[in-house]
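Got the model open in your viewer? Follow along stop by stop, and select each piece as it comes up.

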Amino acid sequence: MTRLSRRHLLAALATAGCGSRELSPGEMSLWFTYGGRNRKVLLELVDRFHGAQSKVKVQPTFQGDYFEGLVKLRTGLFVGSTPTVTHVIGEVVPYLAEAGVLSPLSELEAEVKADIDPVLGQAGSFVGGDERPLYALPFNRSTPVAYYNKNAFQEAGLKPPTIWAEMREVARALTRRNGNRTERWGFECPIAWWFWIAMLGQAGGRVIEADGRVSLGGDAGVEALQHWQTMIHRDRSMKPPPGRDFNAWEATNSDFLAGRVAMIWTSTAFLSYLTDNASFELGVAPLPQQVRFSVPTGGTFFVMPAGVKGAEREAGLAFLRFMMSPASANHWATNTGYMPVSLTGRQRLEAQGFFDANPDFKVTLDQLAYAQAWPWAPELFRVQREAVQPRLEQAVLQQKDGAAMLAEARASLREAGIATGDAG
Amino acid sequence: MTRRASMLSTVLLVLAGALWVGPYLWMVSTSFKSMQEIVKAPAVPIPSSLDPSAYAAVFEAVPVGRFFVNTLVMAVAIALLQIALALPAGYALAKLRFTGRRAAFGLVLACLIIPPQVTFVPVFTMLGSAGLVNTMAALVLPFGVSAFGTFLVRQAMLSVPDSIIEAARLDGASETYIIYRVLGPIVQPTLAALFLFSFVYHYSDYFWPLMMTTDDRVRTLPLAVALLREQGTGARWNIIMAGNVILSLPIFALFVVAQRRILRAVTARALS
Amino acid sequence: MKPLRPSHPYLFVAPTVMVLGVFFIYPLLLAFYRSFFAWDLLTEPIYVGAAHYATLWSSGELIETLGRTLSYSLVVVAFASSLGLCFAVGLNREGTIYAFVRGAIFSAYIVSWVAVGLLWLWILDGDAGILAVALRKLGLPATAWLSDPDTALMALAGVTVWKITGYAMVIFLAGLQDVPRSLLEAAALDGAGPWARFRHVTWPLLRPTAAFVATTSLILSFQAFDIVRVMTQGGPVKATTIFVYAIYESVFMNLRVGRASALTVVFFVLLLGLTGLQLWAWRLGRRTGGETA
């Protein structure tokens, strides 16, 4: 009953012309949250779209980073002033969908089933994703990968690690100190939810159990935290990057490019950027395992806010179709490092020998074999932002007890009315 | 002045010079460096060659002209609106006896301490249902009253002799005429001060335009410069500093030209 | 004076009161109302009574946020005021260089927070920032002040002091001009040195100015937001999550409008109280102190 009235309200607002929806027929607005190089590629694609047809015109607006963009979307939803299309991180899709603020994209279901890689689309990215209406189309999809400085590794006669123990050895070997100051760190990684999830999986756990209770990986979650803590405080081979959210990711990239760190974990999304700017030979490797290989998927999905109707909706759908087409998906992927989401497109790339010539682009695709789906849990986002992320920082940077921190996180979730439980 | 005091002054001068002029010079210097230079030799004060590509990059990434105009329009509109509202209010608070005068005074005072983050959600809802989000009105209306300005005008009005008002009344002038056409010109220096102060203050508005604008139509320059820290590709300090220079230049220019007026505006409240 | 018509005064203050009422008072009252609900902006609000206030207290979040905000504020007020006073007294000399430096100090106050935040973000950068590089060249230790939970808040306070010292200085300069020369000369003739002259003649006359500077700096520092948003986003590990930023984060990042509303109410009451306290202390000081030479 509640959700229904919300949707009606939004629809009414939209048709009543409230909010700044002053779009002429054939126009649509796109809110995006990329900067730098990836932004250029996106705008290129928009230009291509305009070149390929003349009925639809896209007005793209930059809204900051993922989280700022999410803030903008939410406040926009709140007053009925939303874009036609925007993109959001996977973890927040169930929340928005269940709150009834996304438009189901039924018109595109057939095409998606036919050509989009199910592992990357809604169907495979969420447990039970294909049992629900289609809300999200994969746009920039990634996995975390390990980038390493080939020159530094060759110098030390090392190979990229395949298990956690090797990772510690390699990082220690590559750390160079000059008195009190560390000239080069062995390893760096943003202290972020995404990478913790990866390690949690590698240690054999799941963040949310099959019955929906939030276990935060139980022992595996603690092990993941301890791995970082050991490398930072005991081995002193891992540099914790400064800044919060995406500032930390930026800093990790800068440190790597400047030669201050020999190996980093970050998104495959930066592959093109790092390749272009590295003054050394760049190596890309899959993440190591502890008891198994495991990576989460990342990046964003295109969504259309509820209440978008008529000519605007048609325009939005046309744009989405274009972005999902093999040519566009390939252009996006090959110019950034994200994965090509169109199966036809991927076949074309194989046929052209793209992956043979650029094996680095294949690393993330190969890792898909170990990709873990997100639970379709509306509280997933809250778990990430409120319960876990701040405590990750605390545990790692302030050397607090990992088990205690995660127990605290679970307690805070219980306070918020979210059911928690033990792993297994 | 004694020699010791003189020496102390000189020491302070050097210290202040280094701490307050230094950073600006550094900002300008960085804006003319290339990214490679910044990475390799960050401490060199003067770039080996003046590289204006950072500025070009700013203009490419941001519609500087449009945002600058938006910022100007917004700041001027706010300043004018505040003057328009402060004149009658200052007049009533200064010259007219009425019950509730103290309460009105207190209300204005109390609102001084409420920052925009606190009022945001309800105001956003209101403006949203009126269809005003992402419009200039949303950026201007909430700041239509300046507590500071109201006090200033009140102060200035207090020193205007009652006889002028009485004479005007005898001449048959309406109160509105008196406020805007008689008293306005008399307190013109105060109004100019208020205008300058408000303009400079709201030129740098960040939070409100950040939340109230969804696209480039009415976005302001501080926002755009803050967004120059594009994510994931490493902070390009030369571009960010170039954006800073572009953002701050108009204010510096204004300061050089209208220094005394601005100073008077800031100090006026303290002496009231 | 008597108004021409009894309705006039009300008409004249009406626009001001209306704008304040709509954009300040109403939102504040609404925040009070909403603090008793749990709401995420997208779904229906749920009544929770005083649960938010209870959680804010029991989770320690209120105390921690308050602690951080107070330590930030006190440092800012103390240093900006004293530096402002120092510069007002010490740089109060004729000459273009003095005027130039005074102008430079004051200009930091009128330049935007975004510009100041970005500039100092660059200067304080732990790796390539000029400060770190210079310290290292001198063999001194240099940390990334903004990414160390122990130093981040004070680093922000330092930047804030840099920005608003000019304001304090200018106010003190104006206040200094009100000190009659004759008094100072008389004191000098009586054999009082510069420090004694300051203590017994200048300072008592400057006290109201100092109180004014302190009060306005306190309000300004309590409302700090832009600088946190631009420089540290509340981190690292919440070290710089001061009051207004906490409210912002609660509403927009964590979607807890009810909880943010509770924080808002507490914030308003606290700041009102603090301001009142300061004004009362000043009035007390005025009554008992303030003798002229």
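Start by selecting α14(A) and colouring its buried residues: Ser328(A), Ala329(A), Asn330(A), Trp332(A), Ala333(A) and Thr336(A). Buried here means that 20 or more other C-beta atoms lie within 10 Å of the residue's own, exposed means 12 or fewer, and partly exposed is in between, with C-beta atoms placed from the backbone. Helices (H or I, at least four residues) and strands (E, at least two) are DSSP runs numbered from the N terminus.

Before you go further: this is a predicted model, in which local features need pLDDT of at least 70 and side-chain atom pairs count only at pLDDT 80 or more, while totals for chains, interfaces and linings use all residues. Residues are numbered from 1 along each chain as its sequence is written, and chains are lettered from A and ligands numbered from 1 in the order in which they are written.

**Around α14(A)**

Now bring up what covers those buried residues of α14(A): the cover includes α2, α12 (271–277), α13 (310–324) and α15 (343–351) of chain A. Step off the end of α14(A) and you land on Gly337(A), with a positive phi near 130 degrees.

**The two domains of chain A**

Colour chain A by domain: domain 1 is 2–142 + 298–372, and domain 2 is 144–296 + 378–415. The bounds come from an automatic or database domain assignment. Over C-alpha atoms, the centres of domain 1 of chain A and domain 2 of chain A sit 28 Å apart. Where they meet, 27 residues of domain 1 of chain A and 23 residues of domain 2 of chain A take part; a contact is two residues whose C-beta atoms, placed from the backbone, lie within 7 Å.

Select the domain 1 side of that contact in chain A. Elements supplying at least two residues each include α2 (36–52), α14 (326–336) and α17 (360–367) of chain A. Which helix gives the most to this side of domain 1 of chain A? Pick α17(A), with six residues. By class, this side of domain 1 of chain A has nine nonpolar, 12 polar and six charged residues. In this scheme Ala, Val, Leu, Ile, Met, Phe, Trp, Tyr, Cys and Pro are nonpolar, Asp, Glu, Lys and Arg are charged, and the others, Gly among them, are polar.

**A loop stop**

Next, click on Ala306(A), in the loop between β13 and α13 of chain A. Why does Ala306(A) count as buried? Because 26 other C-beta atoms lie within 10 Å. If you draw a distance from the C-alpha atom of Ala306(A) to that of Arg385(A), 79 residues along the chain, you should get 24 Å.

**The largest nonpolar core**

Show Leu96(A), Val303(A), Leu156(C) and Ile247(C) together: of the 303 residues in the largest nonpolar core, these touch the most other members. Such a core is a set of buried Ala, Val, Leu, Ile, Met, Phe, Trp, Tyr and Cys residues joined through C-beta atoms within 7 Å. Helix α7 (residues 152–177) of chain C gives the most to this core, 16 residues, and domain 1 and domain 2 of chain A each put in at least three. Zoom in on Leu96(A): leaving aside neighbours within four places in sequence, Leu96(A) is in contact with Val88(A), Val101(A), Leu102(A) and Val303(A).

**Over to chain B**

Isolate chain B and you'll see 14 helices and zero strands. Its C-alpha trace spans about 75 × 65 × 30 Å along the principal axes. Of the 272 residues of chain B, 51% count as buried.

**Where chain C touches the others**

Add chain C: 71 of its residues are in contact with 73 residues of chain B. Helix α1 (residues 8–34) of chain C brings the largest share of the chain C side, 16 residues. That side of chain C splits into 57 nonpolar, 11 polar and three charged residues. Swing round to the contact between chain C and chain A, which takes 22 residues from chain C and 21 residues from chain A. Here the chain C side divides into 10 nonpolar, nine polar and three charged.

**Last stop: confidence**

Colour by pLDDT, the predictor's confidence in each residue, from 0 to 100. Chain A averages 85, and 93% of the residues score at least 70. Residues 1–21 of chain A are below 50. Chain C also averages 85; in chain C, helix α3 (residues 61–90) is highest at 92, and helix α12 (residues 257–288) is lowest at a mean of 80. The model scores ipTM 0.85 and pTM 0.84.
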